[in-house]
Amino acid sequence: MAPAISSAPATDPAPALAWSVLPAKRTHTCGDLRAGGAGERAILQGWVHRRRDHGGLIFIDLRDRYGLTQLVFNPAISAEAHALASTLRSEYVISIEGTVNLRPAGTENPHLPTGEIEVAVQRAVLLNPSKTPPFYVNEDVPVEESLRLKYRYLDLRRQRLRDNIMLRHRAVKFMRDFLDARGFVEVETPILTRSTPEGARDFLVPSRLHPAEFYALPQAPQQFKQLLMVAGMDRYFQIARCFRDEDQRADRQPEFTQLDLEMAFVDEADVTGVIEDLHSELVKRLSHKRLLVQPFPRISYAEAMERYGTDRPDLRFGLELVDVTHLLGTSGFGVFRSAAERGGMIKGIKAPGCANWSRREIDQVTQLARSFGAKGLATAAWTEEGIRSPFRQHVGDEVMARLQQAFDARTGDLIALVADKPAVANEVLHRLRDHLGVQLGLADPNALAFCWVVDFPLLEWDEDRSSWTFTHNPFCAPKDTDLVLLDTDPGRALSKQYDLICNGYEVGGGSVRIHTRPLQEKIFRLMGHSDEQIAAQFGTILEAFEYGAPPHGGIATGVDRLIAILASEDTIREAIAFPKNQAAADLMMGAPSPVSEDQLAELHIRTVPPK
RNA sequence: GGUCCCGUGGUGCAGCGGCCUAGCAUACGUCCCUGUCAAGGAUGAGAUCGCCGGUUCGAAUCCGGUCGGGACCGCCA
C-alpha cells in the first residue's frame, strides 16, 4: 500500500505511510461546526461521503457519525491539498486542517445542520484509501439482504442503521437510568447454564471437563431472577441476552435482548406501573411518535379475543369484530348454519367505505383470508343501489337489516364474515383487521397505541401431551379467587399475567409469580410432571421457596422489537448491529462453521452428518 | 418439515420464447470545468442473465433440480 500523501503538512517529516502517524488530533467532529465558529481553525477526520470536483474547486462532504461538513479545496489556498483532493474517492479516510468560513451568501445548504459553514482546507492527509464499496454507503437505497449482512460494517456506516443503533443506545441508557433512579439493581446472570426441558429448544455448549455433559444458553434468566428475589435483591433488572434455537421470523433472531426485571413484595399494578411509566417517558424523550392513549388501557384476554380476535390488538384504529352467530346461525344459508351447528361462530368486520369494491378486490381479500385459514369470506355491501351480497336471498331482508344494525353499517360500507371454529374465525379476522388498518390508512405510522392485556387463562389443554400446559410460563401465579378452580376446573382459572402490547406487537410479558413450594408443585403436577421430574428439573427453585421466598413478580420486554417499532422498521434485524439471517447464520463472520477434529476430540464429541 | 416470492454489469431495476449483438439509472475509469451540495458536460470499460440439467430449430425468458436471500405456516413458556 502506498497512498498518495503529496499534501502532508510541510512541517511534518513527510512520513512514507500515512497510517504510521496520525497527523494531529481532531478539534471538532463533522457535526459540530456552526456559523459561530467562523474564523476558527479546525482539524477534522472522517470518511469521504461525496466529492464534487469542479476542476478548479473541489467540494468534499466529510462524514463521521456526528454529521457532514463541507470541505473546500481551493488551489489558490493550497495546491497540494487540492491535488490530493482530486485523487480522493468515496469512503477514503482523511484528516484535514483548515479555516472555518461562512459560506458565500446564497450557497448555504439548509438541509445540513452544518450548512452555513464550510472548511477551507490548507492541509490534507490520506489516512486510508478504500476500495469501491459493494453498495452505496452514502445513499439510503435498497440493497440485497445478503450483501448488507456480509458487509455489515459498511451498512452500519449508512444513515439508517446508524440512526437505529444510536436510538437503541439512547433507549437502553434511558432504561438503565430510569430503573436505577427507582432503586433497581442491575445484575448479570450466567450465559452458561442448565438445560430446561420446557419451552423452546436450547442452544447447547459441550463441556470439556464433564464428558457427555452440556451447558445450555439461557432462553431467559427466569429462574435466576426469581432466585435473586429470594436472595433479597428486591428490585432487579438486566439488559439480558436470550437464546432460543427455533426457526426465524422477521421479528425473531436466535439471540435477542430483553429488558428483564423482577420486584419483591408487589402485585400486578406495581410491575405494570413501573413499565408503563418507563415506556411513556422513553417515548416522550426519544421518539417523535405520539402516544395515543394514556394511561395504557387494560383489556382482558377474553375481551381482546372478542373485540379484536387476538391477544395483541392494534389499538391505533377501531374496526372491531362483531359476533353475529345469534343472527345467522339459524338462517337459511347452509355455510352459516352448519358452522354454528358444529360449535363454530359467525363473526365479521366492517370495512368502512368499501361497498364499491370490485369483484377483483373482494377476491383479493378473500384470498388473503384463505391464506390465514378461512374456507371463504361472505361479504355484504350496502350501496346506493341497495344491498349487494351473495347470501342476502338466503337469509332474507329482515335478517339483513338486523345485520346492518349489528355492524352499524351505513351506505357505502362493506362487511366481511367468517364462519368457522372460534379459533379460526378470530385468527382470520384478526389478520384481516390488521390488513385493513393499513390498507385503509387507519393505522397511523406515527402513533403508538400501548395497552395491557390481562386476565389470561393460566393453563391450556395440550392435545399432543394430553395434559395441561402453561400459557405464559410455569411460574405464573393463578388469581387468588381462582385457586379453588385448580382442583375442579383448571382450564377456567385465570392468571396474574400481563402482556404489554404496542401497535399489534407483543412488546413484553410478565406475571406475579408463585412463591410457595406447595402451589408450585401443584402446578407442575397439573402439567403432567412426575415428582421425580419435578425434583430433577426444578429442585433448586422449589427448595429456594422453602427458605423465605418473598412474594414477587416481574416482566421481560423485547428491546429489539421496541426499537424496531420506534424506528418504523419491519424487522428486528434493523435494530441489531450484527444480526443473523433467516437460517440463523452470521454472513459476516461465517458462523456457524466446522471446527477441527482436535477441538471436537477435546470436547468428547463425534459428529454424525445428516442424511 | 412445508408453502410462497426474489436472483440480469459494482448497486438498484427493465426485458419474460426469435425484435437481445441484453436496455435504463447510478456507481467506476479518462478528459473538461472556481460555488457545488444526488454538481454539470464529454467519453470509455464493465454481464457467458446464480448454478446444473431438460424442452425447443431457437431459452435471460418455459420445465425440473440445486444454491443463495427474504416472507409465512409448523415451531417459538
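# Exercises on a predicted chain

Ser511 counts as buried because its relative accessibility is 0%, where buried means under 20% relative accessible area, exposed over 50% and partly exposed in between (1.4 Å probe, protein chains only). The model is predicted, so local features need pLDDT of at least 70 and side-chain atom pairs count only at pLDDT 80 or more, while totals for chains, interfaces and linings use all residues. Residues are numbered from 1 along each chain as its sequence is written, chains are lettered from A and ligands numbered from 1 in the order in which they are written, and side-chain values use heavy atoms, with hydrogens and water left out.

## Exercise 1: Ser511 and its surroundings

Find the strand that holds Ser511 and list the contacts of this residue.

Step 1. Ser511 sits in strand S23, residues 505-512. Helices (H or I, at least four residues) and strands (E, at least two) are DSSP runs, numbered from the N terminus.

Step 2. Set aside the neighbours within four places in sequence, and Ser511 is in contact with His472, Cys476, Lys496, Gln497, Tyr498, Gly553 and Gly554. Contact here means heavy atoms within 4.5 Å.

## Exercise 2: three more residues

Sort Asp462, Val125 and Glu543 by burial, and place each in its element.

Step 1. Asp462 belongs to strand S20, residues 459-462. Its relative accessible area of 18% makes Asp462 buried. Not counting residues up to four places away in sequence, Asp462 touches Ser467 and Thr469.

Step 2. Val125 is part of strand S5, residues 117-128, and is buried at a relative accessible area of 8%. Between the C-alpha atoms of Val125 and Pro211, 86 residues apart along the chain, there are 57 Å.

Step 3. Glu543 lies in helix H15, residues 531-545. With a relative accessible area of 42%, Glu543 is partly exposed. Glu543 and Thr516 are 27 residues apart along the chain, and their C-alpha atoms are separated by 9.6 Å.

## Exercise 3: two helices against the ruler

Check the lengths of H6 and H12 against expectation, then look at their buried residues and their ends.

Step 1. The expected span of a helix is 1.5 Å times one less than its number of residues. Helix H6, residues 268-286, has 19 residues and reaches 27 Å from first C-alpha to last, close to the 27 Å expected.

Step 2. The 18 residues of H12 (422-439) should span 26 Å, and the end C-alpha atoms are 25 Å apart, which agrees.

Step 3. Among the buried residues of H6 are Glu268, Val271, Ile275, Glu276, His279 and Leu282. In H12, the buried residues include Asn426, His430, Arg433 and Leu436. Helix H7 (301-308), S14, helix H10 (359-371) and S17 are included in what covers the buried residues of H12.

Step 4. Now the ends. At the start of H6, a side-chain oxygen of Asp267 comes within 3.1 Å of the backbone nitrogen of Ala269. After H12 comes Gly441, with a positive phi near 70°.

## Exercise 4: a cavity and a pocket

Describe the second largest cavity and the second largest pocket by volume and lining.

Step 1. Rolling a probe the size of a water molecule over the atoms shows where empty space is left. On a 1 Å grid over the protein atoms alone, a cavity is a set of points where a 1.4 Å probe fits but cannot get out, and a pocket is an open set with protein on both sides within 12 Å along at least five of seven lines; lining residues have an atom within 4 Å of a point. Grid points are joined across faces, edges and corners, and a volume is the space filled by probe spheres set on the points.

Step 2. The whole structure has two cavities of 30 Å³ or more, and the second largest holds about 30 Å³. Its lining consists of Ile349, Lys350, Ala351, Trp357, Val365, Leu414, Ala416 and Leu436. Strands S14 (345-351) and S17 (414-420) are the elements that give two or more residues to this lining, and S14 gives the most, with three.

Step 3. The second largest pocket holds about 680 Å³. Of its 21 lining residues, Phe203, Leu204, Ala591, Pro592 and Ser593 are the closest to its centre. Strand S7 (204-206) and helix H17 (597-602) each supply at least two residues of this lining.

Definitions and conventions: A polar contact is a pair of N or O atoms within 3.5 Å; within protein, one must be able to donate a hydrogen and the other to accept it, and residues adjacent in sequence count only if both atoms are side-chain atoms.
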